[in-house]
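User: I should like a close look at a single part of this model, set in the context of the whole chain. Please give the answer as one connected account.

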Amino acid sequence: MIGFVLSGVFTLVIPFTTHLWVLMLTQAIAGFGRGFASPVLMSLSIKHMDNDKRATAMGFYQAIYGLGMFMGPLVMGAAGDGFSLKQGFIFVGILGCVTAVLSQWMLNRVQTGGTVTAASGKTM
């Protein structure tokens, strides 16, 4: 959760920066947050998979990650044409913070005995 919060908050701050060093600092801290989140997401993507399917699950994770790396800037660039880049950064920052809240909610739900069902129908 800390990774999502760091990434979200410091992405939210980007459009309000006025100095290059502040921009570099926000990017460094946001990157630190992404560094926290990425290994957790990778491990969760294979956690409930059978041993013989983990490589396939990791390949699928990487394919979706690559698609996001391509589509994210494309969508935000198109949105930036209709809105402003400032609004785009604010949207992405808020999305990161919402992701932190949702991940904490899902974690609490699983730890208290609730179930979270994957798209495949498999209960986690």
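Which residues make the nonpolar surface patch, and what is its area?

Analyst: The structure is a predicted model, and the description below rests on values computed from it. The nonpolar surface patch covers about 710 Å². Its members are Phe60, Ile64, Leu67, Phe70, Met71, Leu74 and Val75.

Phe60 offers a suitable point of entry to this patch. This residue is found in helix H3, which comprises residues 54-82. With a relative accessible area of 56%, Phe60 is exposed, because the cut-off for that class is over 50%. Membership of a patch requires a relative accessible area of over 30%, and the 56% of Phe60 satisfies that condition.

Gly59 also lies in helix H3, but it does not fall into the exposed class. Its relative accessible area is 38%, and Gly59 is therefore partly exposed, given that this class spans the interval between the buried limit of 20% and the exposed limit of 50%. Gly59 also provides a distance across the fold: its C-alpha atom is separated by 32 Å from that of Met24, and the two residues are 35 positions apart along the chain.

The surroundings of helix H3 may be considered next, beginning with H2. The axes of H2 and H3 come within 8 Å and cross at roughly 135°. The two helices are therefore oblique to each other, since an angle must be over 145 degrees to count as roughly antiparallel. The crossing in which H2 passes H3 is right-handed.

Helix H2 (residues 20-46) also packs with helix H1 (residues 2-13); here the angle is about 150° and the axes are 7 Å apart. That angle makes H1 roughly antiparallel to H2, because it lies over the limit of 145 degrees. H1 passes H2 in a left-handed crossing, whereas the crossing of H2 with H3 is right-handed.

These helices belong to a protein with 4 helices and 0 strands. Along the sequence, the pattern reads α-α-α-α. Taken along the principal axes, the C-alpha atoms fill a box of roughly 50 × 30 × 25 Å. The protein has 124 residues, of which 16% count as buried; the criterion for that class is a relative accessible area under 20%.

To return to the part requested, the patch of about 710 Å² includes Phe60, an exposed residue of helix H3.

Notes
Residues numbered from 1 in each chain as written. Predicted model: local features only at pLDDT ≥ 70, side-chain atom pairs only at ≥ 80, totals over all residues. Heavy atoms only, no water. Patch = residues over 30% accessible without salt bridge, like charges linked within 9 Å, V, L, I, M, F, W, Y side chains within 5 Å. Areas by Shrake-Rupley, 256 points an atom, 1.4 Å probe, with all protein chains shown as cover. Salt bridge = Lys/Arg side-chain N within 4 Å of Asp/Glu carboxyl O. Buried < 20%, exposed > 50% of the residue type's maximum accessible area, 1.4 Å probe, protein only. Axes fitted to C-alpha atoms, helices over the stretch in contact; angles between N-to-C directions. Parallel < 35°, antiparallel > 145°, perpendicular 65-115°, else oblique. Left-handed = near helix turned anticlockwise from the far one by under 90°.
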